[in-house]
Amino acid sequence: MQQPQHIGSTDPILAAGDEPASNTSPNAYFGDILEARVSRRALLRGSLAAAVAGAMATTLPFGGAFAATVSRAAAPSLGFKAIPVSAADRVVVPEGYRVQTFIPWGTPISGDMPAFSLDASGEDQAQQIGSHHDGMHFFPIDGSSRDGLLVLNHEYVEPRFLHGAARGLALDSEGFPQHEDGSRDPDQVLKELNAHGVSVVRVRQGDDGQWQVVADAHNRRITGLTPMRLAGPVAGTAHVQTRYSPDGSMTRGTLNNCAHGVTPWNTYLAAEENWSGYFANQDTEIDRRQTRYGIVTRDTGRYQWHKATGGADETLRFDASSRGASAGEDYRNEPHAFGWMVEIDPHDPESTPVKRTHLGRFAHEGVIFAPAEEGQPVVCYSGDDARFEYIYKFVSARPYQAASADGSLLDEGTLYVARFNEDGSGEWLALAPGENGLTPEHGFADLADILVNTRSAADHVGATRMDRPEWGAVDPVTGQVYFTLTNNTRREAGQEHAANPRPDNGFGHIIRWQEDGTHTAERFAWDLFALAGDQDDSRDLAGQPLDRDAIFASPDGLWIDPDRRVWIQTDISESVMNNGIFDVFGNNQMLAANPETGEIKRFLTGPVGQEITGITMTPDQRTLFVNVQHPGATTGAEAFAAGDFASHWPEGGSAVPRSATLVITREDGGIIGA
Ligand code: FEO
Ligand code: CA
Ligand code: CA
Ligand code: CA
């Protein structure tokens, strides 16, 4: 008899698997110590305009960097007719656009191409598209806009929709089948591990305009089990020695891959976001390498993988308790091999993925590279998506040279963390030995210690605590860097900061900044691009409330296309979507914005229970790929047991909902969004 089981969150606005706040550092909130530029009273509902106008009219340093750069740039058109919000179980796009549903979870791509089935085995899953599609990039083959490698992340799984054996059980979105003694079926665990990770799949557009999977030697699944190399300062140190890799050079698998990045040398980086929940640890004394990431003494993990019957090494490792005589005999260090950015070369199916440790260890949402310049350092930005966490930047030590550039550029350099000042200026604080108090006397032994403890180092240097940093994007013309800040309902009155101006920030906002000169600068000027929310509690760049064609909440996915359209994707948690103050937003959606005027228009609405995430285009900008993640996640446990799913997308009828990719084109073959 299998019993439902789950580990729940007590915060109503967190989605499945999101990290609860673990930043208990005493960093001062700027709002506590300065006379806030944006006063709390002025930010109360209905009197937001004055406050935001103040925040956005700040005199910027560097001679008004924003004004100077923006005035030189051409504005993109938003030529489509905005669509209304929707609560329907389908995808809606503007008039004149077409949508094809593509590569849903379980689509065979490699090996003997096992057909989709709820009863497919764990081994089958390793040859099929994973679940919960997220960050994604189209790598053209020979520059083609009709033939390429689509690479996409699979953030997590809902076991109830993954296993035929779960049908009829009362399972919610985090639940899973479990034996009475708490153990788990090992093939179900294998299927869940293999439904995580990354898919590389060759795709081609036929003469009929439809896109198809091509059986191709490039096609591969990278999963929670794939051997990976550690590189950079943490590789080979005592922090990552395990029974699997006593010399600390290797680890297995990548998990909770949210957004991604594309390097200037055309490889893919998958981010490890909410990985800490997967680990149990029964030690009574756990140090900051785990506690600062949310791992506390417990015998539970998100899916209880460590309780798979048979006790295989690859599942036992999810219990990080100290059991052996030394770290090389157990998995006390296994969680230290997660929280990194993972480099994958999609062009070489034999390549071993590499965890690039110099980019820091945290709940990486994704990474975004500044345009590479010959002879200059490589620069990239990454957000740590948990409440009150930080935004980071890496600057390589060696210069970019197109002819020889590769991932080793990410192994030497400087990791910085952002401090946003109330006056609209900001600075990058180096997380390096001897810098900003990061010394052995203060508990930071060396560079590897700083990087394994990235969050603690950022606490120590006084970085600014943000409202859950998600995706970033760089404007290809102005160089402005945008980041979404999805929400933070734990920011209390008195903790407001000009860069995070609302207490109980359920709707989120978008910040942007301009570096002082080049992307390697240590100073920048910032402003707020938009405060998300309903028509009573939102502001666009012009200081106006968002109208009904523009309202959105919980911005997450963010991408700027070659014409400078800013695409915004939303992730209102399934725990609150279509309810209360979130009712007006309908299902999660995607909008496009003009980076100069701040105009925002709704472009797409998704089916019930999902989030819209992941976006990439063909070089000709005539095919847009967008992901739909976790349709039907709003299904309650009893409704699940009754087969009454909140969504049956995409197949309809009585089908289980499946994450999938949307392929969007224009009926007239034109540029998407124009
Ligand atoms: Fe996986 Fe921060 O969204
Ligand atoms: Ca998600
Ligand atoms: Ca996300
Ligand atoms: Ca999110």
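**Group meeting talk: three calcium sites and two nonpolar cores**

Hi everyone, let's start at Leu431: leaving out residues up to four places away in sequence, Leu431 touches Tyr392, Leu415, Tyr416, Val417, Leu438, Leu447, Ile450, Thr454, Ala457, Ala458 and Val461. Before going on, please keep in mind that this is a predicted model.

Where does Leu431 sit in the bigger picture? Leu431 belongs to the largest nonpolar core, which has 66 residues, and together with Val417 it touches the most other members. Two or more residues of this core come from each of H5, helix H6 (186–195), strand S12 (268–272), strand S16 (377–383), S18, S19, helix H9 (447–452) and helix H10 (454–461). Apart from this core lies another one, of 49 residues, with Trp471, Tyr482, Ile568 and Ile600 among them. As background, nonpolar side chains in soluble globular proteins tend to be buried together.

Next, a look at Leu410. You'll find Leu410 in the loop between strand S18 (391–399) and strand S19 (413–420). Is Leu410 buried or exposed? Leu410 counts as buried, because its relative accessibility is 0%. Setting aside neighbours within four places in sequence, Leu410 is in contact with Trp265, Leu269, Arg356, His358, Leu359, Phe369, Val378 and Phe394. If you'd like a distance to check on screen, the C-alpha atoms of Leu410 and Glu667 are separated by 42 Å, with the two positions 257 residues apart along the chain.

Now to the calcium ions, beginning with ligand 3. Which protein atoms are the donors of the calcium ion (ligand 3)? They are Cys258 (SG), Glu365 (OE), Glu470 (OE) and two OD entries from Asp556, lying 2.3 to 3.2 Å from the ion. The site of the calcium ion (ligand 3) is irregular, with angles of 51 to 156° among its 6 donor atoms. For comparison, ideal angles for six octahedral donors are 90 or 180 degrees. Along the chain, the donor residues of the calcium ion (ligand 3) are spaced C-x106-E-x104-E-x85-D. Glu470 lies in strand S22 (residues 469–474) and Asp556 in strand S26 (residues 555–560), so this pair ties together parts that are 86 residues apart in sequence. Glu470 is buried, with a relative accessible area of 2%, and Asp556 is buried too, with a value of 2%.

Those two residues come back at the calcium ion (ligand 4), whose protein donors are Glu470 (OE), Asp556 (OD) and Asp571 (OD), at 2.3 to 2.7 Å. The spacing of these donors is E-x85-D-x14-D. Asp571 lies in the loop between strand S27 (566–570) and strand S28 (589–593), while Glu470 is in strand S22, so here the pair ties together parts that are 101 residues apart in sequence. Asp571 is buried, with a relative accessible area of 10%.

That leaves the calcium ion (ligand 2), coordinated by Glu155 (OE), Glu611 (OE) and Gln629 (OE1) at 2.1 to 2.4 Å. Its donor residues follow the spacing E-x455-E-x17-Q. Glu155, in the loop between strand S4 (147–154) and helix H5 (159–162), and Gln629, in strand S31 (residues 624–629), link distant parts of the chain, 474 residues apart. Both Glu155 and Gln629 are buried.

Finally, how far apart are the calcium ion (ligand 2) and the calcium ion (ligand 3)? They are 5.1 Å apart, and the calcium ion (ligand 4) and the calcium ion (ligand 2) are 5.0 Å apart. Thanks for listening!

Methods: Residues numbered from 1 in each chain as written. Chains lettered and ligands numbered in written order. Predicted model: local features only at pLDDT ≥ 70, side-chain atom pairs only at ≥ 80, totals over all residues. Heavy atoms only, no water. Helix = DSSP H or I, 4+ residues; strand = E, 2+ residues; numbered from the N terminus. Buried < 20%, exposed > 50% of the residue type's maximum accessible area, 1.4 Å probe, protein only. Contact = heavy atoms within 4.5 Å. Donors = N, O, S within 2.8 Å, 3.2 Å for Na, K, Ca; no water. Tetrahedral: all angles 85-135°; square planar, octahedral: opposite > 155°, others 65-115°. Core = buried A, V, L, I, M, F, W, Y, C linked by side-chain atoms within 4.5 Å.
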